[in-house]
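Subject: Structure handover

Hello,

Here is the structure I said I would pass on. Please open it beside this email and look up each residue as you read.

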Amino acid sequence: MRHRFKTPVFLALIGLAMAACADTPTKAPLADERDGRFNSATSRSVGVNRVSEKPDYVHPLGEEAGPSGRASLKDWNWLEVGIESRTRYEDRSRDYTTLKLTTDDALVTRNLVYLGIRHALDPLRFAVEFEDSRRFLSDRASNGNIEDHAELLQGYAQLHFDHAFGNAPLSLSLGRMSFDSIDRRLVERTRNRNALAAYDGLRLRLGDANAPWEVDAFAMRPVDRNVDALDHSSAKSTLYGVTAYLRQISPHLVLEPYWLWLDQRREIDPSLRKNLHTFGFHAFGQWGRRSAWDYDVDLAGQLGSVGKLDHRAGAAHLETGYTWDAEWKPRLGLWFNYASGDRNPKDGTDERFDPLFGDTFSFYGYSGYFSWQNMISPALHLSIRPAKGVKCEVIHRAVWLASDTDSWVRANRRDSTGRSGSYVGQETDARVIWQVCERFELDLAYAHFFPGSFTNRTGPAPGSDFVQIAATLKF
């Protein structure tokens with residue numbers, strides 16, 4: 001059953017947002033401008049700048065005092081607070097991630113509340129973040145990626161020492177945390193998805209996002225999202241990691257080596273057991289007159305076991321871009337995404353790359369049809385900033401299977417003979433983000449999938465569309 005989009009709901013929300021903007025200065029710090037890295041080298045690649053600890057909607061309570069100020073609030077700088085409320089309408093037409101290519105629309109909401117104590121009890125600090133994610137007007141079954149009702153997203157205690165290594169801080173955190181690692185391709189907090197990711201465990205950081213170097217080590221269990229009960233950490237899966245962020249090598253280079261170990265050998269089903277070591281590096285920078293050119297590279301390898309099979313796999317993201325010195329700051333980028341697939345299901349070796357807990361929306365298509373698995377995908381990306389606080393982008397990508405005998409994973413389609421070929425199709429994505437003011441953002445995104453020969457030969461193959469309209473308020 002299809003639902004009619006309720007325009008008055010969004011008109012009321014926009015009216016409320018305009019009222020919220022009335023008393024705040026109009027400034028538009030888009031996501032890739034809020035990064036706070038140590039030097040001038042930043043990545044212009046889409047979606048890679050991470051939430052290292054504190055979400056970007058959080059601020060010290062004392063900031064609310066303003067220049068004319070209320071002294072009582074200025075005394076509360078030790079308390080960090082934040083509220084974020086997002087309402088989104090989305091429409092999926094002929095969805096390839098469903099068996100019957102379902103067409104459906106829905107209204108989804110996500111509300112976040114954050115409280116943190118810093119400085120007042122140093123070296124002891126605390127942070128809690130609550131999440132409530134819901135879906136309305138949909139006929140689909142409940143899904144933990146979309147719905148997570150009244151949950152503790154973060155709750156941890158931290159020992160923090162500001163100058164443990166010269167000017168670099170040291171922190172040790174214990175509890176439930178939600179954060180991004182490296183470029184978000186393997187471990188992420190999630191952004192566009194309605195229910196966020198969290199991990200229970202221990203985290204040690206030497207340095208931070210404003211230091212010339214940083215080392216981040218953690219041992220955590222992913223939190224399983226449960227729509228009908230409280231979330232709990234997985235008893236079958238543990239993620240270990242050591243990552244580094246080297247920002248002072250060169251003005252044109254930030255280097256981020258990493259090692260991640262997923263131990264999932266406690267699964268009851270032997271076919272689901274995994275013991276994966278993922279290692280590699282992410283590197284990015286800018287060069288040329290006025291830093292017109294930029295690049296972003298991530299190379300990853302995997303060794304270990306999946307089920308009873310040995311596992312060997314690899315993946316890569318290669319990107320270069322050019323930004324013109326013009327009023328609208330147009331940038332043209334060329335991407336290449338690769339992830340190995342399993343060539344022969346009977347040879348005793350699994351070669352399909354595992355993307356662990358990484359993002360898909362930002363990197364492989366708004367439709368959600370693709371992930372960093374069994375893919376060869378070149379893409380063109382064009383972005384412009386036609387007005388203050390407005391960013392527009394168009395991405396066109398083509399997708400082939402790296403192994404034509406392995407699966408198109410998200411659509412669960414496979415021809416183990418390889419006779420259906422490897423050309424899955426193409427996708428065009430378009431997006432407009434308008435930071436109306438500091439507290440209010442509008443986000444419009446559209447994707448169209450054009451089926452290729454593999455898709456046509458392995459089942460029904462209509463064109464497919466995805467639309468989302470989101471409004472986000474921050475306080």
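Below is what was found, by topic.

The model is predicted, so please keep that in mind throughout.

Nonpolar surface patch

Nine names are worth selecting together: Leu121, Leu124, Phe126, Leu159, Phe161, Leu172, Leu174, Leu202 and Leu204. They form a nonpolar patch on the surface, and their accessible area together is about 740 Å². Two or more residues of the patch come from each of strand E4 (124-136), strand E5 (148-165), strand E6 (168-177) and strand E7 (199-206). Leu159, one of the patch residues, sits in strand E5. Its relative accessibility is 36%, so Leu159 counts as partly exposed.

Cavities

The structure has 5 cavities of 30 Å³ or more. In the largest, the volume is about 70 Å³. Its lining includes Tyr369, Phe370, Met375, Trp408 and Arg410. Sorted by class, the residues lining the largest cavity are 7 nonpolar, 4 polar and 1 charged.

The second largest cavity holds about 50 Å³ of space. Among the residues that line the second largest cavity are Glu53, Glu80, Arg118, Arg125, Phe126 and Tyr156. Strand E3 (104-117), E4 and E5 each give at least two residues to this lining. By class, the lining of the second largest cavity has 5 nonpolar, 2 polar and 4 charged residues. Phe126 appears twice in this email: it belongs to the nonpolar patch and it also lines the second largest cavity.

Salt bridges

Side chains of opposite charge can pair when their charged atoms come close. The structure holds 36 salt bridges, and a few of them follow.

Glu319 and Arg331 meet through their side chains in a salt bridge, at 3.0 Å from N to O. Glu319 is in strand E14 (residues 309-323) and Arg331 in strand E15 (residues 331-339), so the pair ties together parts that are 12 residues apart in sequence. Are these two residues buried or exposed? Glu319 has 4% relative accessibility and therefore counts as buried. Arg331 is buried too, with a relative accessible area of 4%.

Arg134 and Asp132 also form a salt bridge between their side chains, at 2.7 Å from N to O. Here the two partners fall into separate classes: Asp132 counts as buried because its relative accessibility is 17%, while Arg134, at 29%, counts as partly exposed. The cut-off for buried is under 20% relative accessible area.

A further salt bridge joins Lys329 and Asp325, whose closest N and O atoms are 3.9 Å apart. Lys329 counts as partly exposed, because its relative accessibility is 41%.

Some salt bridges are linked into a network, which contains Arg50, Glu53, Lys54, Glu80, Arg118, Arg205, Glu214 and Arg247. Glu53, Glu80 and Arg118 are in this network and are also among the residues lining the second largest cavity.

A loop residue

Where is Gly459? Gly459 lies in the loop between helix H4 (453-457) and strand E21 (464-474). With 28% relative accessibility, Gly459 counts as partly exposed. Gly459 and Arg413 are 46 residues apart in sequence, and their C-alpha atoms are 8.2 Å apart in space.

Regards

Conventions:
Residues numbered from 1 in each chain as written. Predicted model: local features only at pLDDT ≥ 70, side-chain atom pairs only at ≥ 80, totals over all residues. Heavy atoms only, no water. Patch = residues over 30% accessible without salt bridge, like charges linked within 9 Å, V, L, I, M, F, W, Y side chains within 5 Å. Areas by Shrake-Rupley, 256 points an atom, 1.4 Å probe, with all protein chains shown as cover. Salt bridge = Lys/Arg side-chain N within 4 Å of Asp/Glu carboxyl O. Helix = DSSP H or I, 4+ residues; strand = E, 2+ residues; numbered from the N terminus. Buried < 20%, exposed > 50% of the residue type's maximum accessible area, 1.4 Å probe, protein only. 1 Å grid on protein atoms, 1.4 Å probe; cavity = no way out; pocket = protein on both sides within 12 Å on 5 of 7 lines; lining within 4 Å. Points joined across faces, edges and corners; volume = space filled by probe spheres on them. Nonpolar A, V, L, I, M, F, W, Y, C, P; charged D, E, K, R; others polar.
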